[in-house]
Amino acid sequence: MLITLEGIDGSGKSTLAAALRESLADIEPIFTREPGATWIGDAVRRAVAERMDPIAEALLFVADHAAHLDTVVKPALAAGRLVVSDRYSDSRFAYQPAVLADALPDPLGWLRQIHDGWSIRPDRTFLFVLPVNEALARVGTEKAREYFEDARILEEVQKNYLSLAAADPARFVLVDALLEKEEICRFVSDEIRQCARSSQSRPR
Ligand SMILES: Nc1ncnc2c1ncn2[C@@H]1O[C@H](COP(=O)(O)OP(=O)(O)OP(=O)(O)O)[C@@H](O)[C@H]1O
Ligand SMILES: Cc1cn([C@H]2C[C@H](O)[C@@H](COP(=O)(O)O)O2)c(=O)[nH]c1=O
């Protein structure tokens, strides 16, 4: 089973992933992330840091996804493991249209087409939702900000995420990211366990 965690920068995904390592230890999930599960992830981070052309940047994110599926996700699913990915294809569908609007007539359509036929659809996606100003306050100003960590871009990204969730309510579960970390972890752990039980009892 494939679980993904999505949401704007600073919404609490990595914090939850760390907490799930303990709360789901008995079912031994594989924890992974995009970008960064492969060396292509390093190239993506460089592209973001250098503000590369948005089409080149989008294609690097897609290349990272393909390598991530090949080296981590597919082998783990084939072995019957639960996979939890901190960011996945919905990050592309929410972020890249916010920076590709001037480059392409239909960025989301283009991105969906590129993923068609080979990507794997998650079984459940937890979407962390919180006000952009709170997310930016959490990210802080100590480290140099990536260009995505900007109020205007993140407002657009969050709007895109909410549209994706509205179009696919059977897959998306909205998480109130303003709740206490412990409460979020309890809620998501329970949902994942429930989802794992129902996928085991479903006829194959
Ligand atoms: N529920 C919460 N309440 C208050 N603060 C939180 C909560 N969850 C996470 N934080 C804090 O917010 C900051 C950002 O959290 P985190 O790094 O988990 O976000 P993220 O979604 O993984 O961000 P990014 O996508 O930029 O990597 C951290 O300092 C973390 O301790
Ligand atoms: C997978 C993916 C990520 N991004 C953006 C989102 C973040 O601003 C950065 C890096 O991710 P991190 O969780 O902060 O480490 O990249 C994106 O624009 N498109 C994607 O597909």
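I count a residue as exposed if 12 or fewer other C-beta atoms lie within 10 Å of its own, and as buried if there are 20 or more. I work on a predicted model throughout.

**Entry 1. Arg51**

I looked up Arg51 and found it in the loop between helix H2 (39-49) and helix H3 (54-78). Arg51 has 11 C-beta neighbours inside 10 Å, so I enter it as exposed. Its phi is positive, about 50 degrees, although Arg51 is not a glycine. I also took the C-alpha to C-alpha distance from Arg51 to Ser91: 17 Å in space, with their positions 40 residues apart in sequence.

**Entry 2. Arg87**

Where does Arg87 lie? I place it in the loop between strand S3 (83-86) and H4. Arg87 also has a positive phi without being a glycine, near 75 degrees. Buried or exposed? I enter Arg87 as buried, because 24 other C-beta atoms are within 10 Å.

**Entry 3. Ligand 2**

I listed the residues around ligand 2 and found Arg87 and Ser91 among them. The list also includes Asp9, Val48, Phe61, Arg92, Tyr95, Gln96, Glu146 and Phe148. Helix H4 (residues 89-100) gives the most to this shell, with four residues. By class I get five nonpolar, two polar and five charged residues.

Glu34 and Pro35 are in the shell around ligand 2 as well. I checked the peptide bond that joins Glu34 and Pro35 and found it cis, with omega about -10 degrees. Pro35 lies in the loop between strand S2 (30-33) and H2.

**Entry 4. Ligand 1**

I then went round ligand 1. Its surroundings include Gly7, Asp9, Gly10, Ser11, Gly12, Lys13, Ser14 and Thr15, and further along the chain Arg138, Glu180, Lys181 and Ile184. Asp9 is thus on my list for ligand 1 and on my list for ligand 2. Which helices supply at least two residues each to the shell around ligand 1? I find helix H1 (13-23) and helix H8 (181-201). H1 gives the most, three residues. The shell divides into one nonpolar, six polar and five charged residues.

**Entry 5. Helix H8**

I checked the length of H8: its 21 residues reach 31 Å from first C-alpha to last, close to the 30 Å expected at 1.5 Å a residue. Its buried residues are Ile184, Cys185, Val188 and Ile192. They cover an arc of only 95 degrees around the axis, and therefore I put them on the same side of H8. On the other side I find Glu182, Glu183, Asp190, Gln194, Arg197, Ser198 and Ser201 exposed. The cover over the buried residues of H8 includes strand S1 (2-7), H1, strand S4 (124-129) and strand S5 (172-176).

**Entry 6. Nonpolar cores**

The largest nonpolar core has 30 residues, and I note Leu16, Leu20, Val157, Val175 and Val188 as those that touch the most other members. H8 provides the largest share of this core, four residues. What does Leu20 touch, not counting residues up to four places away in sequence? I find Val84, Cys185, Val188 and Ser189. Another core lies apart from the largest one; it has six residues, among them Ile40, Val44, Ala58 and Phe61. Phe61 was already on my list for ligand 2.

**Entry 7. Asp176**

Last, I looked up Asp176, which lies in strand S5. With 11 C-beta neighbours inside 10 Å, Asp176 counts as exposed. Asp176 and Ser11 are 165 residues apart in sequence, yet I get 9.6 Å between them in space, C-alpha to C-alpha. Ser11 is one of the residues around ligand 1.

How values were computed. Residues numbered from 1 in each chain as written. Chains lettered and ligands numbered in written order. Predicted model: local features only at pLDDT ≥ 70, side-chain atom pairs only at ≥ 80, totals over all residues. Near = placed C-beta within 6 Å. Nonpolar A, V, L, I, M, F, W, Y, C, P; charged D, E, K, R; others polar. Expected span 1.5 Å × (residues − 1). Arc of directions from axis to C-beta. Contact = placed C-beta atoms within 7 Å. Core = buried A, V, L, I, M, F, W, Y, C linked by C-beta atoms within 7 Å.
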